[in-house]
Amino acid sequence: MLIHDTSLIFGRYVRQTLRSRFQIFFGILMPLLYLFFFGPLLTGLPLGSTGDSWQVLVPGLLLQLALFGASFTGFAIIIEQSTGVVERMRVTPVSRLALLLGRVLRDALLFMFQAVLLVLAALVMGLRAPLPGVLVGFGFVGLLTVSLASLSYALAMKVRTPQEFGPVINSLTMPAMLLSGLMLPMTLGPAWLDVLSHFTPFRYLVDAVRDAYVGSYATAHMLYGVAAALAFALLAVTVGTRVFRRAGA
């Protein structure tokens with residue numbers, strides 16, 4: 001029943017997304033702007049990392065896409081609460097876990113599609129990366145999306161208005177972006193900042209994807225990145241499921 005219910009919810013939100021081309025393509029705009037206008041500035045600079053500048057920047061942009069995109073998915077729940085959609089779902093026998101999984105799997109599919117478009121644009125700009133490494137990057141995007149979307153929906157169930165939701169998300173995503181080294185390796189900064197960044201789980205994901213983009217798979221960065229991504233996803237889905245069950249949504 002869980003698989004059946006999840007597929008129903010997933011199908012509903014996929015159809016809803018396909019009717020909105022604006023949502024599909026506009027979400028990738030910010031990473032593309034970084035790619036086109038920031039990427040050329042890094043060419044030839046000593047970035048203190050293996051690989052060229054594109055192999056450093058593109059993995060960060062992929063995870064930036066998931067970080068900012070998935071973190072704001074909770075706005076949809078707030079809108080659904082205000083229009084009575086959530087209230088109608090409460091009276092159905094559909095699994096509460098399915099109500100969460102159907103949404104986050106749709107989000108993962110959407111952002112992985114956008115990630116494919118981003119990588120294709122990066123290839124035109126000069127990126128060269130092994131196919132297995134690119135696929136590993138897509139896997140991390142999917143896991144990070146599931147994690148952050150679950151927490152975003154959980155938070156949205158606790159607040160009542162977009163005015164409450166937006167500032168909380170901004171106050172969390174901006175430090176995460178700055179401390180994870182999405183744009184540039186944290187090793188370029190002072191030692192204290194590099195140490196502080198290790199308390200951010202996203203740092204391990206970024207380092208793992210950068211290793212994958214230069215063809216290094218059996219590394220400590222990859223091990224830590226996979227462990228952090230899986231642990232974060234398990235924690236986030238658990239928290240999201242508990243919130244949905246308690247809310248009766």
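A helix here is a DSSP run, H or I, of at least four residues, and helices are numbered from the N terminus. With that in hand, welcome to the tour; keep in mind that this is a predicted model.

**Stop 1: L29 and its surroundings.** Select L29, which you will find in helix α3. Is L29 buried or exposed, or somewhere in between? L29 counts as partly exposed because its relative accessibility is 35%, and the partly exposed class runs between under 20% for buried and over 50% for exposed.

Now add F22, F26, L33, F36 and F37 to the selection. Along with L29, these residues make up a nonpolar patch on the surface, and together they have about 640 Å² of accessible area. Two elements give two or more residues each to this patch: α2 (21-26) and α3 (29-42). Colour α3 if you like, since α3 gives the most, with four residues.

**Stop 2: the largest pocket.** Next, display the pockets and pick the largest one, which holds about 610 Å³ of space. It is lined by 25 residues, and those closest to its centre are Q23, G69, F72, T73 and F75. Which helices supply at least two residues each to the lining? They are α1, α2, α3, α4 (53-71), α5 (75-83) and α7. Of these, α7 provides the largest share of the lining, with five residues.

**Stop 3: D107 in α7.** Stay with helix α7, which spans residues 96-125, and select D107 within it. D107 has a relative accessible area of 2%, so it is buried. Show what surrounds D107: beyond the neighbours within four places in sequence, its contacts are T73, T145, A149 and Y153. You have met one of them already, as T73 is among the residues closest to the centre of the largest pocket.

**Stop 4: T6 in α1.** Move to helix α1 (residues 2-18) and select T6. Its relative accessibility is 8%, and T6 therefore counts as buried. Setting aside neighbours within four places in sequence, T6 is in contact with A98, L101, G102 and L105.

**Stop 5: G137 in α8.** For the last stop, go to helix α8 (residues 131-158) and select G137. Why does G137 count as buried? Its relative accessible area is 1%, and buried means under 20%. Finally, draw a distance from the C-alpha of G137 to the C-alpha of L234: the two are 19 Å apart in space, with a separation of 97 residues in sequence.

Note on methods:
Residues numbered from 1 in each chain as written. Predicted model: local features only at pLDDT ≥ 70, side-chain atom pairs only at ≥ 80, totals over all residues. Heavy atoms only, no water. Patch = residues over 30% accessible without salt bridge, like charges linked within 9 Å, V, L, I, M, F, W, Y side chains within 5 Å. Areas by Shrake-Rupley, 256 points an atom, 1.4 Å probe, with all protein chains shown as cover. Salt bridge = Lys/Arg side-chain N within 4 Å of Asp/Glu carboxyl O. Buried < 20%, exposed > 50% of the residue type's maximum accessible area, 1.4 Å probe, protein only. Contact = heavy atoms within 4.5 Å. 1 Å grid on protein atoms, 1.4 Å probe; cavity = no way out; pocket = protein on both sides within 12 Å on 5 of 7 lines; lining within 4 Å. Points joined across faces, edges and corners; volume = space filled by probe spheres on them.
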